[in-house]
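I open these notes with the chain displayed beside me, and I want to record what I looked up and in which order. The entries begin with a strand and its two faces.

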Amino acid sequence: MAEGGGVRSPLVRWLREIWEIRLYRYLALLVTAAVVAGLVFAVRAVTAENRACAPGVARPPDSDECVGVAAGAFDFGHAQLRDAVKAIDRENSRLKKGGYVTVALMLPYTATTPSTLSDIQHELQGAYLAQWQANHTSNGQAPAIRLVLANPGATSAHWETMVDQLERMARGDDRLRAVAGVGQSTDANKKAVTELTRRGIPVVGASITADDLANGQNGKDPFPGLARVAPTNTDEARALASFAKVEAGRALLVYDKPGDPYTRTLQTSFAVLLKGSPYEPQPFTPPADRTQEGTTANTFRQITHLVCDTTAGTDTILFAGRHTQLRQFVNALGTRGCQDRKFTVLTGDEGSYLSGDKKLDRTALTHNLSVRYTSLAHPDAWANAPAGLTGGSAQDAKVLTDLLARSVREPVGPIGEVALEDGQLIIGYDAMTLAVHGIREATPDGGNVPTLADVGLQWPQVKGSLRVSGASGWICLDVHGNPYDKAVPIVELHPDGGSRFVRIAWPEGKPPGKECLPPS
């Protein structure tokens, strides 16, 4: 029949049904695909949202740590950091955009061990106090200083993520001009400092002491733009030797094998002091994460037998290891068989962790055993220093203690519970003060923002009348950015808790001259 007649042939109806079935299937597939795509997008969006911790900080795909650079009041889940973080955020909030530059304090904020968290808290407090002082008591010097927190992870495993973010901040509106802090002298932190300085970002190390995380070794500068507040392990060992009068024939070396940058360079420095010793050094192998207990306590129990096997004149043990292993070793020495013999353990600045370590068996210190270490700083080091003494002064130290007295309430504080014995607050304050010094010395007359490159060029001139008079002592840098003849407090663990200051020692065997100019 003709079209419009309302009758179709069976073939036409069959073709139409086939077409409609296929159309429905295609539509169903398209709808399903759209729904699946929407769900995937939604899941990804939710997942991405859940990975964020705070502005500038997120959890990497393979980790639950909050990594990155926090610019707001984010305490990384640690209540003990909260007051200091809030104080920093309050100070940052009052700064006028365009009138400040940024300094990042790099520390492992997601660490979980109590001793490490205590150090982080204190160094954070010290850096903030230096920021507040720079912004409020510098007679209007420009630029103002904004402080942010850079976290590479508890073991610095995510340093690359952090470094990339810091570089963007250096090139962008944040105007990042320095990174301070760094944390411990570990291989990961060494890589982070290498990459930061390679990208032209100046770094001011607070507590790093490893010789191979310093410029000037073998005449080379692998970290252009790096300055340090703390002496190298070699300088600490030299100061310790000048204080203790270590005799190779009466000493034994116990060391971390294979070690990390801190323990390896400390071992090398101690080995020089013990050249000609009748005893071979005794190694121990800790876990890769040296904050963990591992099985080294068993090794130390065995080493104490060898300690007792030495001749009667042997009375000194040089220990090149981290604080967890040092504590295990001291505990083992407390139960040694030869408790009638007196021994002194000498070690580096990691000993400061033990002053508040609840796992330390302090009764060991009542069994003819003393533990002395080189501290980065100590509150009693300059308290009673006589007038005219070079290398530091009571007046310089008092600037910080006066500021601390004001930090219990606004406008300076509160900043949380304060402790000075471990030296971290003092050294954090000095590192930030040095960073501010470099930034402002690099700022051109009439300007308020120095170039990134010019900040790192300031370190060789920090000497003489341009030195930084730190709370830990004078900071006079050589041409490689290392402190010259820096004061090294010798501190002893006390059986009743805490520690006591013994006296200041010097890498050169005496304080620097009043001009504080490193020799050629």
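**Entry 1: strand S12 and its sheet**

I looked at both faces of S12 and found them covered, with Phe 343, Val 345 and Thr 347 buried on one side and Thr 344 and Leu 346 buried on the other. Buried here means under 20% relative accessible area, exposed means over 50%, and partly exposed lies in between, with a 1.4 Å probe and protein chains only. I noted that 5 of the 5 residues of S12 are buried, so the strand is largely enclosed by the rest of the structure. I kept in mind that in a regular strand the side chains alternate between the two faces of the sheet.

Before going on I wrote down the conditions: this is a predicted model, in which local features need pLDDT of at least 70 and side-chain atom pairs count only at pLDDT 80 or more, while totals for chains, interfaces and linings use all residues. Residues are numbered from 1 along each chain as its sequence is written, and side-chain values use heavy atoms, with hydrogens and water left out. Helices (H or I, at least four residues) and strands (E, at least two) are DSSP runs, numbered from the N terminus.

I then asked in which order the strands of the open sheet with 7 strands stand. The order is S10-S9-S11-S12-S13-S16-S17, and the pairing is mixed; two strands count as paired if DSSP finds at least two bridges between them. The edge strands, each pairing on one side only, are S10 (282-284) and S17 (499-505). The twist averages 25 degrees from one strand to the next, where axes are lines fitted to C-alpha atoms, for helices over the stretch in contact, and angles run from 0 to 180 degrees between N-to-C directions.

For the neighbours of S12, I found 5 bridges to S13 (residues 369-374), the two strands running parallel, with Thr 344 opposite Ser 370. S11 is joined to S12 by 4 bridges, again in parallel, and Phe 319 stands opposite Thr 347.

**Entry 2: helices on that sheet**

Returning to the pairing of S12 with S13 over 5 bridges, I looked at what packs on the sheet. Helix H8 (residues 296-309) touches S9 (251-256), S10, S11 (316-320) and S12, and its direction makes about 170 degrees with that of S10; contact means heavy atoms within 4.5 Å. H9 also packs there, touching S9, S10, S11, S12 and S13, with its direction at about 155 degrees to that of S11. I checked the burial of H9 (residues 323-333) and found 11 of its 11 residues buried, among them the polar or charged-looking entries I had marked for a second look, Gln 325, Arg 327 and Asn 331.**Entry 3: the other sheet**

I asked how the second open sheet, of 8 strands, is ordered. Its order is S1-S2-S3-S5-S4-S6-S7-S8, with mixed pairing. S1 (52-54) and S8 (226-228) stand at the edges with a single partner strand each, so one side of each is left without a neighbour in the sheet. S2 (residues 57-58) and S3 (residues 67-70) pair in the antiparallel sense over 2 bridges, and Ala 58 has Val 67 as its bridge partner in S3. I also followed two helices: H3 lies across S4, S5 and S6 at about 160 degrees to S5, and H5 (residues 187-198) lies across S4, S6, S7 (203-205) and S8 at about 160 degrees to S4.

**Entry 4: the nonpolar core and Tyr 109**

A nonpolar core is a set of buried Ala, Val, Leu, Ile, Met, Phe, Trp, Tyr and Cys residues joined through side-chain atoms within 4.5 Å. The largest one has 60 residues, and those with the most contacts inside it are Tyr 109, Leu 124, Leu 129 and Leu 434. Elements that give two or more residues to this core include H3 (114-136), S5 (144-151) and H11 (424-442), and the largest share, 11 residues, comes from H11. Leaving aside neighbours within four places in sequence, I listed the contacts of Tyr 109, among them Phe 76, His 78, Leu 124 and Asn 151.

**Entry 5: two buried residues**

I asked where Thr 110 is found; the answer is the loop between S4 and H3. Thr 110 is buried, with a relative accessible area of 13%, and its side chain makes a polar contact with the side chain of Glu 65 at 2.5 Å. A polar contact is a pair of N or O atoms within 3.5 Å; within protein, one must be able to donate a hydrogen and the other to accept it, and residues adjacent in sequence count only if both atoms are side-chain atoms. Beyond neighbours within four places in sequence, the contacts of Thr 110 include Cys 66, Phe 76, His 78 and Gly 153.

Ser 269 lies in H7 (residues 261-273) and is buried, with a relative accessible area of 7%. Leaving aside neighbours within four places in sequence, Ser 269 is in contact with Asp 211, Asn 233, Thr 234 and Ala 237.

**Entry 6: confidence**

I closed with pLDDT, the predictor's confidence in each residue, from 0 to 100. The protein chain averages 90, and 90% of the residues score at least 70. Over residues 1-7 the pLDDT is below 50, and this stretch has 0 contacts in the model beyond near neighbours in sequence.
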